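User: I am new to reading protein models, and I would like to learn how to describe one step by step. Could we work through an example together?

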Amino acid sequence: MKNFRIKDKGIVSEQFLNKNIHDFDSACHYISMLPYKRNTYKHDILCVFNDSGGTCSTKHAVLRKLALENDDAEIKLMLGIFKMDAEYTGKIKNTLEKFNLKYIPEAHNYLKIEQKYYDFTKANSNYHDFKNKLLIEKEIEYDQIVEEKIAFHQDFLKNWINTQNLNYNLHKIWEIREQCIQDLKKRDYFGTDNFSPVCYQNSPEVRDEFKQ
């Protein structure tokens, strides 16, 4: 993966340097190892440091800002909508069948670097886990991970409802999506975790992240 030395050129760079992290590759590893958790104030680019953790949005936003501070605008922040279906995670199968849906379009953030994609949400996150289920993606900026992300996701859902001729409005689809998020938090009977490697883990904080 493309790498660069971190210079003392901005507030994000300063945070990494203070932690004795001196290059982009090490910064990505550090971010991926932070716990997945809801941030107190996602508009603050330093929230992942303040909260000692973050989501797919805040984690990748801070890496994008780090790249910009170090004059590397080619490290892109991406927003993708992918098919969250029973093949992707069997835990939502019953909910999807209950409402006669094949999948729910879900939003996710990641990086694009030199035509390759990287996911640093968690240590084991991998772009290939959802690559073949992507419906659409776009480049966004680090300060567009809150209102703009929600608007893009909900606009996509509105069009999807119309094109699929579904008998649900946006509010109902959002409720079904919320139930899918709850399903992802459940442990399997034998104690093995089958949560999504992309954006979720069995944590009481997860559901709040998706109250958008």
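Analyst: What follows is a short tutorial on helices, burial and contacts in this model.
This is a predicted model, in which local features need pLDDT of at least 70 and side-chain atom pairs count only at pLDDT 80 or more, while totals for chains, interfaces and linings use all residues. Residues are numbered from 1 along each chain as its sequence is written, and side-chain values use heavy atoms, with hydrogens and water left out.

User: How many helices and strands are there in the protein, and what pattern do they follow along the sequence?

Analyst: Helices (H or I, at least four residues) and strands (E, at least two) are DSSP runs, numbered from the N terminus. By that reading there are eight helices and four strands in the protein, and along the sequence they follow the pattern α-α-α-α-β-α-β-β-β-α-α-α.

User: What share of the 212 residues in the protein is buried?

Analyst: A residue is called buried under 20% relative accessible area, exposed over 50% and partly exposed in between, using a 1.4 Å probe and protein chains only. Of the 212 residues in the protein, 50% are buried. Serine 26, which is placed in helix 2 (residues 24–33), has 30% relative accessibility and therefore counts as partly exposed. Aspartate 183 in helix 7, by contrast, has 2% relative accessibility and so counts as buried.

User: Which residues does aspartate 183 touch, leaving out residues up to four places away in sequence?

Analyst: Contact means heavy atoms within 4.5 Å. With residues up to four places away in sequence not counted, aspartate 183 touches Lys91, Ile92 and Thr95. For the protein as a whole, among contacts between residues at least 6 apart in sequence, 63% join residues at least 24 apart.

User: How should I check the span of a helix, for instance that of helix 7?

Analyst: The expected span is 1.5 Å times one less than the number of residues in the helix. Helix 7 (residues 170–184) has 15 residues and reaches 21 Å from its first C-alpha to its last, close to the 21 Å expected. Helix 6 (residues 147–163) agrees with its expectation too, because its 17 residues should span 24 Å and its end C-alpha atoms are 24 Å apart.

User: What caps the N-terminal end of helix 7, and what is found just after helix 6?

Analyst: Asparagine 169 caps the N-terminal end of helix 7, with a side-chain oxygen 3.3 Å from the backbone nitrogen of histidine 171. Just after helix 6, asparagine 165 takes a positive phi of about 55 degrees.

User: How do I describe two helices that pack together?

Analyst: Two packed helices are described by the angle between their axes and the distance between the axes. The axes are lines fitted to C-alpha atoms, for helices over the stretch in contact, and angles run from 0 to 180 degrees between N-to-C directions. Angles under 35 degrees count as roughly parallel, over 145 as roughly antiparallel, 65 to 115 as roughly perpendicular and the rest as oblique.
The axes of helix 6 and helix 7 come within 10 Å and cross at roughly 110 degrees, so these two helices are roughly perpendicular to each other. Their contact is made by His153, Gln154, Leu157, Lys158, Trp160 and Ile161 of helix 6 and by Leu170, Ile173, Trp174 and Arg177 of helix 7.
For helix 2 and helix 4 (residues 56–69), the axes come within 10 Å and cross at roughly 165 degrees, and these helices are therefore roughly antiparallel. Here Phe24, Ala27, Cys28, Ile31 and Ser32 in helix 2 meet Lys59, Val62, Leu63 and Leu66 in helix 4.

User: Is asparagine 109 in strand 2 buried or exposed, and with which side chain does its own side chain make a polar contact?

Analyst: Asparagine 109 is found in strand 2 and counts as buried because its relative accessible area is 0%. A polar contact is a pair of N or O atoms within 3.5 Å; within protein, one must be able to donate a hydrogen and the other to accept it, and residues adjacent in sequence count only if both atoms are side-chain atoms. The side chain of asparagine 109 makes such a contact with the side chain of serine 57, at 2.9 Å. These two residues are 52 residues apart in sequence, yet 5.4 Å apart in space from C-alpha to C-alpha.
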